[in-house]
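This report describes how the strands are arranged into sheets and where helices pack against them. Look at the structure first, then read on.

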Amino acid sequence: MQTQFSGSVITQVDQIIQAAIEAGASDIHLEPFEKKYRLRFRIDGVLQEITELQLSQKDAVTSRLKIMAELDIAEKRRPQDGRIKIRAKQGQDIDLRVSTLPTQYGEKVVLRILDKGTLELSLESLGFSNDELSAFRSEIHKPYGMILVTGPTGSGKTTTLYSALNEINSEQVNITTIEDPIEYNLEGINQTQVHEEIDLSFVNILRSILRQDPNIIMVGEIRDKETAEIAIRAALTGHLVFSTLHTNDASSAVSRLVEMGMEPFLVSSSVRMVIAQRLVRKICQNCKISYTPVSSMIKDLELEEGFTFYKGKGCEKCNGTGYKGRTALIELLMIDDGIADKISKNADYSDIKAKGISSGMKTLHEMGIEKMTKGLTTIEEVYRETSL
Ligand SMILES: [Zn+2]
């Protein structure tokens with residue numbers, strides 16, 4: 001990765017954006033402080049300092065980015081948002097979402113890179129095990145019911161949903177999405193952006209979509225009872241509905257819908273599958289070594305002795321981090337008759353989880369341990385993402 005930038009400000013800004021694209025970064029942060037002007041990239045979900053730029057150039061760099069994003073260069077006291085469209089060296093079109101924020105020592109600029117070309121929309125690349133992948137595939141090809149994906153922001157829910165839609169997309173079906181924001185354009189799929197300020201909410205768009213002869217609907221997020229109600233009704237009347245919730249694991253997604261005020265029997269008869277997911281960083285294959293981690297961590301994760309642990313030592317290919325790329329940990333809860341029965345009897349969360357485990361569900365934690373013992377990720381990543 002290029003970490004030194006020179007030439008005119010225009011050239012330097014181009015070089016920075018190009019370097020971020022080549023490094024596979026999702027965000028670029030340009031941060032003025034009292035004595036330095038820091039450049040950081042977010043790579044595989046974690047911020048990394050790339051270099052310090054010339055402090056004297058901060059205003060020129062900010063102005064250049066504002067011009068590219070068609071923002072007001074004279075306005076320095078208020079935050080602004082814009083977009084830049086560029087063509088990268090490799091030829092792909094890239095959208096950058098630009099946001100400025102006045103801070104104590106000048107405006108901080110963050111650029112989110114939306115690279116439609118590199119988003120690999122295949123279910124194989126997500127990190128499912130073979131068994132889970134075939135279960136997931138079989139459910140998304142059914143014509144009705146609800147499939148939920150749950151996890152915190154940044155856990156890869158959108159990529160999983162997009163990959164599912166991409167797989168079932170064909171000219172025979174009408175697929176419509178409601179999103180806030182639309183992150184990537186999907187060919188052949190009708191994507192609608194929420195605009196709360198003109199009353200174009202999830203629920204209002206959903207009502208309109210149901211008059212548009214839909215087969216498959218993706219509701220970006222279920223945030224309230226009204227949206228949940230209409231989405232469930234759609235799933236029960238011959239539509240396949242995908243959506244997301246913010247819960248920690250698969251079992252609690254079901255309880256969340258009931259807490260929102262849904263009738264338990266409606267939840268049990270509409271929801272067919274819940275996936276909880278997290279992203280963990282993969283060990284860099286170029287500098288991978290085996291080692292022994294601190295014993296307290298082994299104890300906390302309730303591991304037995306005798307594992308071989310791996311980590312990345314850090315090399316030029318991984319920018320010294322020891323990690324390259326990410327993989328998903330997936331917890332897949334199938335709503336079979338036994339679990340549907342529990343839900344409709346309003347069983348509590350732990351009951352549903354226990355029943356899921358007895359029917360073969362592997363928890364996020366177990367999936368993490370599995371990937372760790374295969375040498376795909378580290379004990380630290382599993383600990384960070386799955387210890388509650
Ligand atoms: Zn490495």
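## Two sheets and their helices

In this predicted model, seven strands form an open sheet with mixed pairing, in the order β9-β8-β10-β11-β7-β12-β15. The edges of this sheet are β9 (190–193) and β15 (323–334); each has a single partner strand, so one side of each is left without a neighbour in the sheet. From one strand to the next, the twist averages 20°.

Strands of a sheet pair through backbone hydrogen bonds, in a parallel or an antiparallel sense. Within the seven-stranded sheet, β8 (residues 175–179) pairs with β10 (residues 216–219) in the parallel sense, over four bridges. One of the bridge partners in β10 is Met-218, which is matched with Thr-177.

Helix α5 (residues 202–209) packs on this sheet and touches β8, β9 and β10. Another helix, α13 (residues 379–386), lies across β12 (271–283) and β15. The table gives the angle of each helix to a strand.

| Helix | Strand | Angle |
|---|---|---|
| α5 (residues 202–209) | β8 | about 165° |
| α13 (residues 379–386) | β12 (271–283) | about 140° |

An open sheet of six strands has antiparallel pairing and the order β3-β2-β1-β6-β5-β4. Which strands stand at its edges? They are β3 (46–53) and β4 (80–87), and each of them pairs on one side only. On average, neighbouring strands of this sheet are turned by 20° against each other, direction ignored.

The edge strand β4 pairs with β5 (residues 93–103) in the antiparallel sense, over eight bridges. Here Gln-80 has Thr-100 in β5 as its bridge partner.

Definitions and conventions
Residues are numbered from 1 along each chain as its sequence is written. This is a predicted model: local features need pLDDT of at least 70, side-chain atom pairs count only at pLDDT 80 or more; totals for chains, interfaces and linings use all residues. Side-chain values use heavy atoms; hydrogens and water are left out. Two strands pair if DSSP finds at least two bridges between them. Helices (H or I, at least four residues) and strands (E, at least two) are DSSP runs, numbered from the N terminus. Axes are lines fitted to C-alpha atoms, for helices over the stretch in contact, and angles run from 0 to 180 degrees between N-to-C directions. Contact means heavy atoms within 4.5 Å.
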